[in-house]
Amino acid sequence: MSRQSNGYDPCPHEQAIADLVVAGRLLDESDNALRAHAAECRACAETLELARLLQDDQKALCAEAPVPSAGTVWWRATIRARAEAARTAGQPITLLQGIAAATAVGLFVALVGTWWRSVAPGGIWFERFNELLSQSASVPAALALSLLLVLAACLIVAPIAVFLATADFES
Amino acid sequence: MREMTLSELSRLDAAAGEADEVFQMDEDAFRLFYERTARPVWAYLARMTGDARQADDLLQEAYYRLLRAKTTYETETHRRNYLFRIATNLVHDMRRRPRVDAVPLSDDWEHADPRQSDAAGHAARRVDLSRAMARLKPRERELLWLAYAQGSSHQEIAATLRLKTSSIKALLFRARHRLATMLRERES
């Protein structure tokens, strides 16, 4: 029991000393042997001093801790759990809306591709359009192109606008 | 924060029953457990973060995570240790994104004059401890607090900090020696 620690080597009795301080029993007469050991072992004396200091600090912090009531913590947790449950329940709907929007965009792109193949030089619609233009000199080509661009823009914007109007974004 | 729509409110109502089901314990059991553990957990969080406001936030978060955890607890000690483990993880997360509106702990006693009274002397010792603890590595702070303030065993500390039980003794010794050296330097 009277092992002298040099202050750099742990002592086997440190834990017992710390346990006594934590239990608040160090001043008990029943622990005379450990108390005597702590008086001559540097490692244990250090343990004793710091354990007391930290115990005092913890007691002071606990006394001044501004903890909310259990009911408040429970209530906040319940509200948060409900909000999370609602959010989780809403996720499939949001996912479906996203899939619908993506499908609309994909369909639009496919239609534009098909349309472009028919309108592009060599396509059947391109030739008919040329014929139409040549027959009707009153419609300028620039105006026809502008009308086509506006139509294409509407087709792009419409599905996005529908998605934004119906989507349920979280704040 | 935006207003809730009626559909959202009805969804919240529908989810109300589910919320109680996903919690670890019922309200009465929670109250008992909270009354026994809240202050020590707050003290731990406050000393680990050095910020009272941060400790307030992390306390609420720690209990929420405990309630939502899917872990089964053999004893209340096991549950308490798990709570400290959650608190430790939260502190680690917080260090990665420190907040700007930090409120340092106990400004009042940090300015106490040690010569005035015993109470002031006690306050001065706490200031010294607080400053020395702040200079320690986070892991050292956690070790010392769990061992000497919280009174956790080496096994409990190892479980809380996810370390090997066999390494706790040496780590604790080094941390304690470092803290003692810092405190001696402040005194001299």
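This passage walks through a predicted model of a two-chain complex, from confidence and fold to the interface, the nonpolar core and a few individual residues.

The confidence values are a good place to start. For the complex, the predictor gives an ipTM of 0.77 and a pTM of 0.67. Chain A has a mean pLDDT of 78, with 77% of its residues reaching 70 or more. In chain B the mean pLDDT is 82, and 77% of the residues reach 70 or more. Confidence varies along chain A: among its elements, helix α3 (residues 42-64) has the highest mean pLDDT, 89, while helix α5 (residues 124-135) has the lowest, 70. Residues 1-7 of chain A call for some care, since pLDDT stays under 50 throughout this stretch. For these residues the model nevertheless has 16 contacts beyond four places in sequence.

Turning to the fold, both chains can be described by their helices. Chain A contains 6 helices and 0 strands, in the pattern α-α-α-α-α-α along the sequence. Of the 171 residues in chain A, 18% are buried. Contacts in chain A between residues at least 6 apart in sequence include 69% that join residues at least 24 apart. Chain B, for its part, comes to 9 helices and 0 strands, and its elements run α-α-α-α-α-α-α-α-α from the N terminus on. Buried residues account for 36% of the 188 residues of chain B. Here, 64% of the contacts between residues at least 6 apart in sequence join residues at least 24 apart.

The interface between the chains comes next. In total, 43 residues of chain B are in contact with 33 residues of chain A. On the chain B side, the elements that give two or more residues are α1 (6-22), α2 (27-49), α3 (52-68), α6 (118-135), α7 (138-149) and α9 (165-187). The largest share of this side comes from α2(B), with 12 residues. By class, the side of chain B that touches chain A has 27 nonpolar, 14 charged and 2 polar residues.

One helix pair across the interface can be described in detail. The angle between the axes of two packed helices and the distance between those axes describe how they are arranged. For α3(A) and α9(B), the axes come within 10 Å and cross at roughly 75 degrees. Angles of 65 to 115 degrees count as roughly perpendicular, so α3(A) is roughly perpendicular to α9(B). On one side, the contact is made by E46(A), T47(A) and L50(A) of α3(A); on the other, α9(B) supplies R176(B), L179(B) and A180(B). Taken by class, this contact of α3(A) with α9(B) has 3 nonpolar, 1 polar and 2 charged residues.

The nonpolar core is the next topic. In soluble globular proteins, nonpolar side chains tend to be buried together. In this model, the largest nonpolar core has 66 residues. The residues with the most contacts inside this core are I17(A), V41(B), W42(B), L45(B), L59(B), A62(B) and A87(B). Helix α2(B) gives the most to the core, with 11 residues, and also gives the largest share of the side of chain B that touches chain A. For L59(B), leaving aside residues up to four places away in sequence, the residues touched are V67(A), A38(B), V41(B), W42(B) and L45(B).

A few individual residues complete the picture. The loop between α8 (154-161) and α9 of chain B holds R162(B), and K164(B) is found in that loop as well. R162(B) has a phi near 55 degrees, a positive value in a residue other than glycine. R162(B) counts as exposed because it has 9 C-beta neighbours inside 10 Å, where 12 or fewer is the limit for exposure. K164(B) likewise counts as exposed, with 9 C-beta neighbours inside 10 Å. From C-alpha to C-alpha, K164(B) and H154(B) are 9.2 Å apart in space and 10 residues apart in sequence. In chain A, V157(A) belongs to helix α6 (residues 141-166). This valine, V157(A), is exposed, with 10 other C-beta atoms within 10 Å. A separation of 9.6 Å lies between the C-alpha atoms of V157(A) and V105(A), which are 52 residues apart along the chain.

Conventions. Residues numbered from 1 in each chain as written. Chains lettered and ligands numbered in written order. Predicted model: local features only at pLDDT ≥ 70, side-chain atom pairs only at ≥ 80, totals over all residues. Contact = placed C-beta atoms within 7 Å. Helix = DSSP H or I, 4+ residues; strand = E, 2+ residues; numbered from the N terminus. Nonpolar A, V, L, I, M, F, W, Y, C, P; charged D, E, K, R; others polar. pLDDT = per-residue confidence, 0-100. Axes fitted to C-alpha atoms, helices over the stretch in contact; angles between N-to-C directions. Parallel < 35°, antiparallel > 145°, perpendicular 65-115°, else oblique. Core = buried A, V, L, I, M, F, W, Y, C linked by C-beta atoms within 7 Å. Buried ≥ 20, exposed ≤ 12 C-beta atoms within 10 Å, placed from the backbone.
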